[in-house]
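Reader: Could you walk me through this model before I set anything up with it? I'd like the cut-offs spelled out as we go.

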Amino acid sequence: MLTEEILKLLSGQEIQYLDIPSYMNLGDHLIAHGTFTFFEKHHIKLIHSGELKYYPKEWLEESKCFVFQGGGNWGDLYPFIHNSRKSIIKHIKHKRIIVLPQSIFYSKEKSFLEDVEFFKGCTDFHLFTRDKESFHTARKLTKNAYLVPDMAHQLKDKLSRIASHFEDCEKETELFFLRKDNEIKGGKNSMRSHVNAIDWDYFTAPRKRHFDNLIKLRRFFIKHPLTRQFLDPGFQSWQTNSWQMLEPAIRLICRHDRIITDRLHVMLLAQMLNKNVTVLDNNLYGKLLNYYSTWSELLPNVTFADKTDCSVAVNENK
């Protein structure tokens, strides 16, 4: 079992789960849903969960084991998230700290060396990575480094059941699902101007105001010790509303035969929905290829396009 090392560390622990995404990158939402599924499947006792920035310091005294969300934000590419995570870790350096599978990227050696020094002070720190390149970097940060697939894979059974309902429906040919954020090499996705591509905002925009209000309400409850007792440790309201944004994306992918993407979690989602996936890896640090090279056996329907294949696909969809 690929997650055996995580289970060993969580066994018998009452845990807190930090860094639930309040932003609209649904790839990170998939990771969180997979993580909640993992906790439920293995009967892990969760006593608190929440965002990094608004996490009550008082909660940090209530357990000995803290689990941080996996993803692709370890390093200096997303300093707000990484620094917020470190600001909490500095209060729990002598407790068990588990970071679920991450992709690691440092653009500056200075940032990396600062982290090497920072994590020396953690006595029970465990850093899980989701690709070999990240694993090699993690070993320089801690002796407790591990290589495990992304937590979104925990949704495979649920997604396979959903996909079965679409087996007989009429399919469209191709769906372009391309990112437009700061992980794109050069900061710009030139293909977006040539194809009718969508990104996560296509699905989040209709529910963004409602989701933002939910987050604001939870932050209000977090501020006051008397109202915190009414918060669900499993963040159930978040899970419900987040899944309502993911469902249309899942249905749309199910209605296409082939998905062309440069997003890691669209690649994983489409694979778990039994779709053929063509990957255009224009990521700043080769995140998708690094992941595929590590876990190709989990991704039998995935192929990588070279520049010629990309040009053909673009021209056909102008």
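Author: What follows goes through the overall make-up, the helix packing, the aromatic rings and a few single residues.

Author: This is a predicted model, in which local features need pLDDT of at least 70 and side-chain atom pairs count only at pLDDT 80 or more, while totals for chains, interfaces and linings use all residues. Residues are numbered from 1 along each chain as its sequence is written, and side-chain values use heavy atoms, with hydrogens and water left out.

Reader: How many helices and strands are there in the protein chain?

Author: The protein chain has 13 helices and 11 strands, taken as DSSP runs numbered from the N terminus, with helices being H or I of at least four residues and strands E of at least two.

Reader: And what share of the residues is buried?

Author: Of the 318 residues in the protein chain, 55% are buried, where buried means under 20% relative accessible area, exposed means over 50% and partly exposed lies in between, with a 1.4 Å probe and protein chains only. As for contacts, meaning heavy atoms within 4.5 Å, 75% of those between residues at least 6 apart in sequence join residues at least 24 apart.

Reader: Helices next. At what angle do α3 and α4 pack?

Author: Helix α3 (residues 79-89) and helix α4 (residues 109-119) pack at about 20°, and their axes are 12 Å apart; the axes are lines fitted to C-alpha atoms, for helices over the stretch in contact, and angles run from 0 to 180 degrees between N-to-C directions. That makes α3 roughly parallel to α4, since angles under 35 degrees count as roughly parallel, over 145 as roughly antiparallel, 65 to 115 as roughly perpendicular and the rest as oblique. The crossing of α3 past α4 is left-handed, a label used if the near helix is turned anticlockwise from the far one by less than a right angle, with right-handed used if clockwise.

Reader: Which residues meet there?

Author: From α3 they are His82, Lys86 and Ile89, which meet Asp115, Phe118 and Phe119 in α4. The charged end of Lys86 also sits over the ring of Phe118, 5.0 Å from its centre, the rule being that NZ of Lys or CZ of Arg is within 6 Å of the ring centre and within 35 degrees of the ring normal.

Reader: What about α4 and α5, how do their axes cross?

Author: The axes of α4 and helix α5 (residues 132-141) cross at roughly 50° and come within 9 Å, and the two helices are therefore oblique to each other. Phe112, Asp115, Val116 and Phe119 of α4 make the contact with Thr137, Lys140 and Leu141 of α5.

Reader: Now the rings. How many aromatic pairs does the count come to?

Author: The count is 17 aromatic pairs, where rings of Phe, Tyr and Trp (its six-membered ring) pair if their centres lie within 6.5 Å, and planes under 30 degrees apart count as stacked, over 60 as edge-to-face and the rest as tilted. In one of them, the rings of Tyr55 and Trp59 have centres 5.2 Å apart and planes at 80°, so this pair is edge-to-face. Both Tyr55 and Trp59 are buried. Phe119 and Phe125, by contrast, form a stacked pair, with 4.6 Å centre to centre and 15° between the planes. Phe119 is buried at 3% relative accessibility, and Phe125 is buried at 2%.

Reader: Which residues form the aromatic cluster?

Author: Tyr17, Phe36, Phe38, Phe39, Phe235 and Trp238 form one aromatic cluster. Within that group, Phe235 has Arg218 lying over its face, at 3.7 Å from the ring centre.

Reader: Phe235 caught my eye in the backbone too; what is its phi?

Author: Phe235 has a positive phi of about 50° although it is not a glycine. Most residues other than glycine have a negative phi. Phe235 lies in the loop between α9 (225-228) and α10, and Phe235 is buried, with a relative accessible area of 2%.

Reader: And where does Asp19 lie?

Author: Asp19 is in the loop between β1 (14-18) and α2 (26-41), and this residue, also not a glycine, has a positive phi of about 80°. Asp19 is buried, with a relative accessible area of 4%.

Reader: Last one: which residues is Leu214 in contact with, leaving aside its neighbours within four places in sequence?

Author: With those neighbours left aside, Leu214 is in contact with Ser237, Trp238 and Asn241. Leu214 lies in helix α8 (residues 208-223) and is buried at 16% relative accessible area.
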